[in-house]
Amino acid sequence: SDYYFHEIFLDLPFSESIHILYLHPSKTSPFIRHVVATLLGFYLALFCFGWYALHFLVQSGLAYGVMIFTGVEHMHKYCFVVTLGYLSFCQVTRVYVFDYGMYSADFTGPMMVITQKITSLAFEIHDGLMKREEHLKPSQKYLAVRKMPSLLEYLSYNCNFMGILAGPTCSYNDYVAFIEGRCYEPKHLESNGKENGKFKQSDPSPKRDVIQKVCTCALSLMVYLVIYAACPTERVIDDTFMASNPFYIQVLYLYISMLALRPKYYFVWTLADAINNAAGFGFNGYNTDGTPKWDRISNLRILNIEFATSFKMFLDNWNIQTALWLKRVCYERCPYNPTAATFLLSAIWHGAYPGYYLTFITGIVVTMAARAVRHNVRQHFLGSATLKLIYDMITWFSTQMAICYTVVPFVLLAVGPSLKFYRSVMRLH
């Protein structure tokens, strides 16, 4: 939609000039950086969504009130219910009251990211103020927030101009370290406890990574506009198309259609990552050759997605920050059937369209089946490189077909078209 193009032509140079050249931590206090980031975020929100942007403030204000006036022991639970409830209310009214199927300038899109930030922060505050150190996992120790953020810090984290439109979600501690100019100094620990990089320098430049990501955006947009326009997903349920093409053509068309649809998301998430990098946010240590890494808040790994050999591998590299949010607030904390609970939360978070629920319910079944197959079959193909290659080829094809089958209702949105697709697949078999 139009506001993503606004990001291209304004936010990239704006991010670099404001935060790196004029508001560098060595020249400006964290207070000023918080104020500028927040005010510019509200400006962009008003520019793109008009007075619908007030929902961002209402949602954030309600959650902050819960944080302040509720005891720390249960604050994270209340915040989760209030924030997700308000998001769901806005999604339902937008879909069923205003305009079903409307995507352009959808004000609930930024609210989805704000929901992630608010709930993540609530759990991090709970971990930092209520739990003992020995009861926290290594990742939770790093993410734990040891004091209640001020209102300015809270609004800056939720609504800063770098992430107000398309995210991605980041941890509160990482954001504050960026604002205070500490993001280049500490060496973050990997999950195995080793230091992330052995090279150290001050203020590494993000220009190379930003240019690469902008080029990826341009290529992704071109692929989506050219190929998906010729191969829309809706054609898979067209009666004439189904009647006039054999099974293998329909399967090939479905794969090409899904392949051409994904660059839309590559474009948005890569652009959002580039904007944050241009402002100096997203530094993640150094590679072994001493070059800086700018993937701390990256949302996808394209090659790992396209060549995924398992459903899990696909999901682990798709919408990474959302997957981390689901893991941290649901999967790691849910005492009963965390896999099903995580998929259900993802469906609720995405919105009110029935197709989302069909997709994520199907995802539960596919995930369970993939785990069972991998556990019982994979070991028989590890005896030689040739057998492993055959296994990888089979699982790649199976993964792509499973993704296509699972995601079609997500694209079609409504129950009728989705069930028509399922019936057509059953007839093909």
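Residues 393-419 form a stretch that is 93% helix and 0% strand, with its end C-alpha atoms 30 Å apart. The model here is a predicted one, and the UniProt record, an unreviewed entry, lists 393-419 among the residues it annotates as "transmembrane region". Helix is the theme throughout: the protein has 18 helices and zero strands.

**Annotated stretches**
- Besides 393-419, the "transmembrane region" annotation from UniProt covers residues 31-54, 210-230, 242-261 and 355-373.
- Take residues 31-54 as another example: here the chain is 83% helix and 0% strand, and 23 Å separates the end C-alpha atoms.

**A look at Leu419**
- Leu419 sits in helix α18, which runs over residues 415-428.
- With a relative accessibility of 35%, Leu419 counts as partly exposed, because that class lies between the buried limit of 20% and the exposed limit of 50%.
- Gly355 is 64 residues away from Leu419 in sequence, yet their C-alpha atoms are 9.5 Å apart in space.

**Overall packing**
- Of the protein's 429 residues, 50% count as buried.
- Among contacts with a separation of 6 or more, 71% come from residues 24 or more positions apart.

**Nonpolar cores**
- The largest nonpolar core holds 58 residues, and Met67 and Tyr175 are the ones touching the most other members.
- At least two residues of this core come from each of α2 (30-49), α3 (54-69), α4, α5 (108-130), α7 (151-159), α8 (172-179), α14 (320-331) and α15.
- Helix α5 gives the largest share of this core, with eight residues.
- Leaving aside residues up to four places away in sequence, Met67 touches Met75, Cys79, Ile118, Leu121, Ala122, Ile125, Met148 and Tyr154.
- There is also a second, separate core of 20 residues, including Val236, Tyr255, Ala260 and Leu261.

**How α4 meets α15**
- If you like to describe helix pairs by geometry, helix α4 (residues 72-98) and helix α15 (residues 338-350) pack at about 50°, and their axes are 8 Å apart.
- That angle is why α4 counts as oblique to α15.
- On the α4 side the contact involves Phe80, Leu84, Leu87, Ser88 and Gln91, while α15 brings Leu345, Ile348, Trp349 and His350.
- By residue type, this contact of α4 with α15 has six nonpolar, three polar and no charged residues.
- Both helices also appear in the core described above, where α4 and α15 each supply at least two residues.

Technical notes
Residues numbered from 1 in each chain as written. Predicted model: local features only at pLDDT ≥ 70, side-chain atom pairs only at ≥ 80, totals over all residues. Heavy atoms only, no water. Axes fitted to C-alpha atoms, helices over the stretch in contact; angles between N-to-C directions. Helix = DSSP H or I, 4+ residues; strand = E, 2+ residues; numbered from the N terminus. Parallel < 35°, antiparallel > 145°, perpendicular 65-115°, else oblique. Contact = heavy atoms within 4.5 Å. Nonpolar A, V, L, I, M, F, W, Y, C, P; charged D, E, K, R; others polar. Core = buried A, V, L, I, M, F, W, Y, C linked by side-chain atoms within 4.5 Å. Buried < 20%, exposed > 50% of the residue type's maximum accessible area, 1.4 Å probe, protein only. UniProt positions renumbered as here; feature names shortened; annotations may be inferred.
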